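Reader: I am new to this structure and should be grateful for a close account of a single part of it. Would you kindly choose one helix and describe how it is placed among its surroundings?

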Amino acid sequence: MTISGTALATLAADWAAGPATALAQAHDGKSISEEFVVLLEGTAQRLAGLATEERQHTPALLDACLSNVTDLLTHGRCTPALGLRLHTLAASLAQTIAWHRFDLGRHTHASQYWIAGLHNAHAAGDHDMGAALLGDLAYQAAWRRDHTTAAGILHHALTRAANPAARCLLQLRLARTLAAQGERRAVLRALSAAEQHLSSECLRTPGVLRAW
């Protein structure tokens, strides 16, 4: 089964309009230490940063890491600050796993992981991460040639993204899907906005062009 464009558009609209979800703190379970959270964060970062040819060996490890983080969020006991970090980590892991599923052609699973990541980013109050995950869902919709859904998702993502680099990428993806619809003027507006955001990012972070 696939996730419909209408369902994705509704999800994006709800994200754009709704406040961050309050973090639910479990009162049972074992206490979670910062050292263990640091270990999980480092493990996830190393797995995500592996070379492309090594990624064939990582799916089970990534799945296990996300399952562990989800279990901690559900049953563990930690400070609000560590809870935020765990939600952010879950969002990042879900995004990485989603792209792996996408590359394997497992598009429904990819959508499910992106949506799970979106919920975690929302719980963490990380609007830029949430916008990035919506951008990924829009990319998938455009890849499926559902450009109406893609454009709608991107417009919602842009309402809350604050980071100039994130907004630049979203505008570029919007320009791409608008071009597929033959919306020339809208494409030019999106490209102009992307250029402005890139200029803003270069002023904010002088080394950004060298990094790219």
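Author: The account below follows helix H6, from its ends to its neighbours and its aromatic side chains.

The model is a predicted one. In it, H6 spans residues 127–143. This helix has 17 residues and reaches 24 Å from its first C-alpha to its last, close to the 24 Å expected at 1.5 Å a residue. At its N-terminal end, H6 is capped by Asp126, which places a side-chain oxygen 3.3 Å from the backbone nitrogen of Asp128. After the helix comes Arg145, whose phi is positive, near 70°.

How much of H6 is buried? Twelve of its 17 residues are, so the helix is largely enclosed by the rest of the structure. Among the buried residues are Leu133, Leu134, Leu137 and Ala138, and also Gly130, Asp136 and Gln140. Their cover includes H1, H4, H5, H7 and H8.

This burial may be set beside the make-up of the largest nonpolar core, which has 35 residues. Leu134 and Leu137 are among the residues with the most contacts inside that core, a group that also includes Trp114, Ile153, Leu170 and Leu174. Two or more residues of the core come from each of H1, H4, H5, H6, H7, H8 and H9. The largest share, eight residues, is that of H6. Apart from this core lies another, of 19 residues, including Ile32, Val69, Leu86 and Ile97.

There remain the aromatic side chains. The structure holds six aromatic pairs. In one of them, the rings of Trp99 and Tyr139 have centres 5.5 Å apart and planes at 65°, so the pair is edge-to-face. Because Trp99 lies in helix H4 and Tyr139 in helix H6, this pair ties together parts that are 40 residues apart in sequence. Trp99 is partly exposed, with a relative accessible area of 23%, and Tyr139 is likewise partly exposed, at 28%.

A further edge-to-face pair is formed by Phe102 and Trp143, at 5.6 Å centre to centre and with 70° between the planes. Phe102 belongs to H4 and Trp143 to H6, so here the parts tied together are 41 residues apart in sequence. Phe102 counts as buried, at 10% relative accessibility, whereas Trp143 is partly exposed, at 47%. Ring pairs link these four residues and Trp114 into a cluster.

Key: Residues numbered from 1 in each chain as written. Predicted model: local features only at pLDDT ≥ 70, side-chain atom pairs only at ≥ 80, totals over all residues. Heavy atoms only, no water. Core = buried A, V, L, I, M, F, W, Y, C linked by side-chain atoms within 4.5 Å. Buried < 20%, exposed > 50% of the residue type's maximum accessible area, 1.4 Å probe, protein only. Helix = DSSP H or I, 4+ residues; strand = E, 2+ residues; numbered from the N terminus. Phe/Tyr/Trp six-rings, centres within 6.5 Å; stacked < 30°, edge-to-face > 60°. Expected span 1.5 Å × (residues − 1). Contact = heavy atoms within 4.5 Å. Polar contact = N/O pair within 3.5 Å; in protein donor to acceptor, adjacent residues only side chain to side chain.
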